[in-house]
Amino acid sequence: MRILLVEDDRDLGPAIAHALRGENFAVDLVADGIDAAHGGETEHYDAAILDLGLPGLDGVSVLKAWRAAERPLPVLILTARAGWSDKVAGFKAGADDYLVKPFRVEELVMRLRALIRRAAGHAQPLLDCGPLTFDTQTGQFELAGLPLRLTAFEWRVLSQLMLRRDVVIERLELLERVYEGDADVDSNSLEVIVGRLRKKVGPQLIETIRGRGYRLTCRT
């Protein structure tokens, strides 16, 4: 899962990014409203964390630009502005959630996971595909009831496939949702990750759709 983090505080931004990467998220940190507006309109992100007080373009204007471009990106506003009028303005602009600073990282992560799950069309936090289960609240995968040990890249790929099980995800989109924007990506890296996942979850679950991408096949 790839997150757009829009935060201009030089200490807080990297700290949040570090915490999210520790939860297996790929994170692109942007400190300017103009760059944020462009990134949210052109890149594939699973969710955005958006500050309101930004240089270049304020957060509400960034959000309005995304919605005007019909981007369905789930957006969590993270700001020190606790007034009800600020919250109303944020939700009217198209925010999906609103969290006031100071905050606990654990709460931010839980809210983020819930936003992504609901945006994918899942009401319940526990997803399953045959012997494979994914607890979207904790981020934990299990296979036949036993915890599944995954690298960060394996987790990102498998979570994407699980959230859209039985749907083909195009190879390019999957790459964009797994790697951060400044990553140097090898052309065969996705195939290597999928190969490792097949060894861990079984070859029958992950299907290669030639010329397109991959699908987690759960239908019986």
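Contact here means heavy atoms within 4.5 Å. The close-up views below are taken from a predicted model.

**View 1. Helix 2 and the elements that cover its buried residues.** Helix 2 spans residues 33–42, and its buried residues include Gly33, Ala36, Ala37, Gly39 and Gly40. Among the elements that cover these buried residues are strand 1 (2–6), strand 2 (26–30) and helix 3 (59–68). At the N-terminal end, Asp32 acts as the cap of helix 2. A side-chain oxygen of Asp32 is placed 2.8 Å from the backbone nitrogen of Ile34.

**View 2. The crossing of helix 2 and helix 3.** The two axes come within 9 Å, and the angle between them is roughly 20°. Because angles under 35 degrees count as roughly parallel, helix 2 and helix 3 are described as roughly parallel to each other. Their crossing is right-handed. On the side of helix 2, the residues that meet helix 3 are Gly33, Ala36, Ala37, Gly40 and Glu41. Their partners in helix 3 are Val62, Ala65 and Trp66. Of the helix 2 residues in this view, Gly33, Ala36, Ala37 and Gly40 are buried.

**View 3. The packing of helix 6 against helix 7.** Helix 6 comprises residues 152–163 and helix 7 comprises residues 171–178. Their axes are 9 Å apart and the packing angle is about 130°, so helix 6 is oblique to helix 7. The crossing of this pair is right-handed. Helix 6 contributes Phe153, Arg156, Val157 and Gln160 to the contact, while helix 7 contributes Leu174, Arg177 and Val178.

**View 4. The buried residues of helix 7 and Ser189 of helix 8.** In helix 7, the buried residues are Glu173, Leu174, Leu175, Arg177 and Val178. The elements covering them include strand 1, strand 2, helix 6, strand 10 (169–170), helix 8 and strand 12. Helix 8 runs over residues 189–201 and contains Ser189. The relative accessibility of Ser189 is 13%, so this residue counts as buried. When residues up to four places away in sequence are not counted, Ser189 touches Leu175 and Tyr179. Of these two, Leu175 is among the buried residues of helix 7.

**View 5. Lys101 and its surroundings.** Lys101 is located in the loop between strand 5 (97–100) and helix 5 (105–119). The side chain of Lys101 is joined to that of Glu7 by a polar contact of 2.8 Å. With neighbours within four places in sequence left aside, Lys101 is in contact with Glu7, Leu12, Asp51, Leu78, Thr79 and Ala80.

**View 6. The disulfide between Cys129 and Cys218.** The sulfur atoms of Cys129 and Cys218 are 1.9 Å apart; a pair of cysteine sulfur atoms within 2.5 Å is taken as a disulfide. By this rule, the count is one disulfide. The pair links distant parts of the chain, the two cysteines being 89 residues apart. Cys129 belongs to strand 6 (residues 126–129), whereas Cys218 is in the segment after strand 12 (213–216). The torsion about the S-S bond is about -110°, so the disulfide is left-handed. Buried means under 20% relative accessible area. Cys129 is therefore buried, at 1%, and Cys218 also counts as buried, at 18%.

Conventions:
Residues are numbered from 1 along each chain as its sequence is written. This is a predicted model: local features need pLDDT of at least 70, side-chain atom pairs count only at pLDDT 80 or more; totals for chains, interfaces and linings use all residues. Side-chain values use heavy atoms; hydrogens and water are left out. Helices (H or I, at least four residues) and strands (E, at least two) are DSSP runs, numbered from the N terminus. Buried means under 20% relative accessible area, exposed over 50%, partly exposed in between (1.4 Å probe, protein chains only). A polar contact is a pair of N or O atoms within 3.5 Å; within protein, one must be able to donate a hydrogen and the other to accept it, and residues adjacent in sequence count only if both atoms are side-chain atoms. Axes are lines fitted to C-alpha atoms, for helices over the stretch in contact, and angles run from 0 to 180 degrees between N-to-C directions. Angles under 35 degrees count as roughly parallel, over 145 as roughly antiparallel, 65 to 115 as roughly perpendicular and the rest as oblique. A crossing is left-handed if the near helix is turned anticlockwise from the far one by less than a right angle, and right-handed if clockwise.
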